Amino acid sequence: MHEHGERTPPNEEENHMATMSPEQQQAIVHGEGPLVINAGAGSGKTRVLVHRVARLITDGVAPESIVVATFTTAAASEMKARLTGLVGEDAVNALAHIGTLHSLGYKFYRAEKGRRIDARPKGGSMLTPGQVTGMVKGIIEPASTYCPFGRDLATEFGDKELPRKAGKIAKAVSRAMDCNLTPSQFYATLDEFDTDGAIVGRVYELMETLLAEGWHRGRRGWERRKAGKISVTFGCMGIKGLAAARKPTVRETVIGSVEWVLVDEAQDCNPVQFGLMNLLSEQTANITYVGDDDQSIYSFRGAMPAEFIAQA
């Protein structure tokens, strides 16, 4: 065992390498340029990614120039723990990013908006799924107790049951965000007879206003956040983060001069996340994708396993 902050000697990493297959070792020592690893369950994909990062660091690559991302919080925590065991806590803490793709998007969005947004679970501006559904109800219902922007869409669209569909509509708006569609772009995907789509588009438009103006559900119904703060949904972390990341000054603030990008569970990336990775690929060609196209489970969030395969 090594003390926290002390970097593990390269020979310890070599000992781990000795237990790996030739294919795994080849992936770990792969030099500059793109790399795609598409392998089945239990094949040690994440282990390879973690050891590839460790190898880069022990070979002298500055941790500050490395982004390591995955899809779920649990997977990110596991990667961080494994990597800490190989190269030490200081090196891991120095990485440009190690965590989820959503949290990377949030970093870009917050860098653009500053303290106007805060995704902390308590006291922050991140809305829970229930609060998002409440916001949709408030948009649909006239004189709503949820928020001050009721539009009576049930009457407008001739659907008295519309308020009961708030949860479904909220999910559809989130899906549009995951697919990197603004309200106007979402409308452009609809045909003239798609009433359900038109409702989703209208709600999405109004949600944009509510979020930008910081409305949220407080103890006394819907309230407006102080000091011009913005409300955020889970989907915002992607689409708004990507939009912010397109600004060179924002990218420089968040990740600096990144030279290496490594993405685990890439089969679950949605259009926003692939867009973010493609944006980073303009800065460096040293991108590693790791995944298994047969294990994609997030189609409801716009996962694009075919895009992952196309990277190979």
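Is lysine 240 buried, exposed or partly exposed? In this predicted model, lysine 240 is partly exposed, its relative accessible area being 24%. The tour below begins from this residue.

**First stop: helices 11 and 12**

Select lysine 240 together with glutamate 208. Their side chains form a salt bridge, with N and O 3.2 Å apart. Glutamate 208 belongs to helix 11 and lysine 240 to helix 12, and the pair thereby links distant parts of the chain, 32 residues apart. Glutamate 208 has a relative accessibility of 22% and counts as partly exposed, because that class lies between the 20% limit for buried and the 50% limit for exposed.

**Second stop: helices 8 and 11**

Select arginine 202 and glutamate 156 next. A salt bridge joins these two side chains, at 2.5 Å from N to O. Arginine 202 is in helix 11, which covers residues 195-212, while glutamate 156 is in helix 8, residues 153-156, so the contact ties together parts that lie 46 residues apart in sequence. Colouring by accessibility shows arginine 202 as partly exposed, with a relative accessible area of 22%. Glutamate 156 is also partly exposed, at 44% relative accessibility.

**Third stop: from helix 6 to the loop before helix 13**

Move to lysine 247, and add glutamate 112 to the selection. The two residues form a salt bridge in which the closest N and O atoms are 2.4 Å apart. Lysine 247 sits in the loop between helix 12 (236-245) and helix 13 (248-255), whereas glutamate 112 sits in helix 6 (residues 101-113); the pair links distant parts of the chain, 135 residues apart. Lysine 247 is partly exposed, with a relative accessible area of 39%. Its partner, glutamate 112, is partly exposed as well, with a value of 28%.

What is the count of salt bridges in the structure? The structure holds 7, and the tour has visited some of these. As general background, oppositely charged side chains can pair when their charged atoms come close.

**Last stop: helix 2**

Finally, select glutamine 24 and serine 21. Glutamine 24 is located in helix 2, which runs over residues 22-28. Which backbone atom does the side chain of glutamine 24 reach? The side chain reaches the backbone nitrogen of serine 21, at 3.0 Å. Glutamine 24 counts as buried, because its relative accessibility is 14% and buried means under 20%.

Key: Residues numbered from 1 in each chain as written. Predicted model: local features only at pLDDT ≥ 70, side-chain atom pairs only at ≥ 80, totals over all residues. Heavy atoms only, no water. Salt bridge = Lys/Arg side-chain N within 4 Å of Asp/Glu carboxyl O. Helix = DSSP H or I, 4+ residues; strand = E, 2+ residues; numbered from the N terminus. Buried < 20%, exposed > 50% of the residue type's maximum accessible area, 1.4 Å probe, protein only. Polar contact = N/O pair within 3.5 Å; in protein donor to acceptor, adjacent residues only side chain to side chain.
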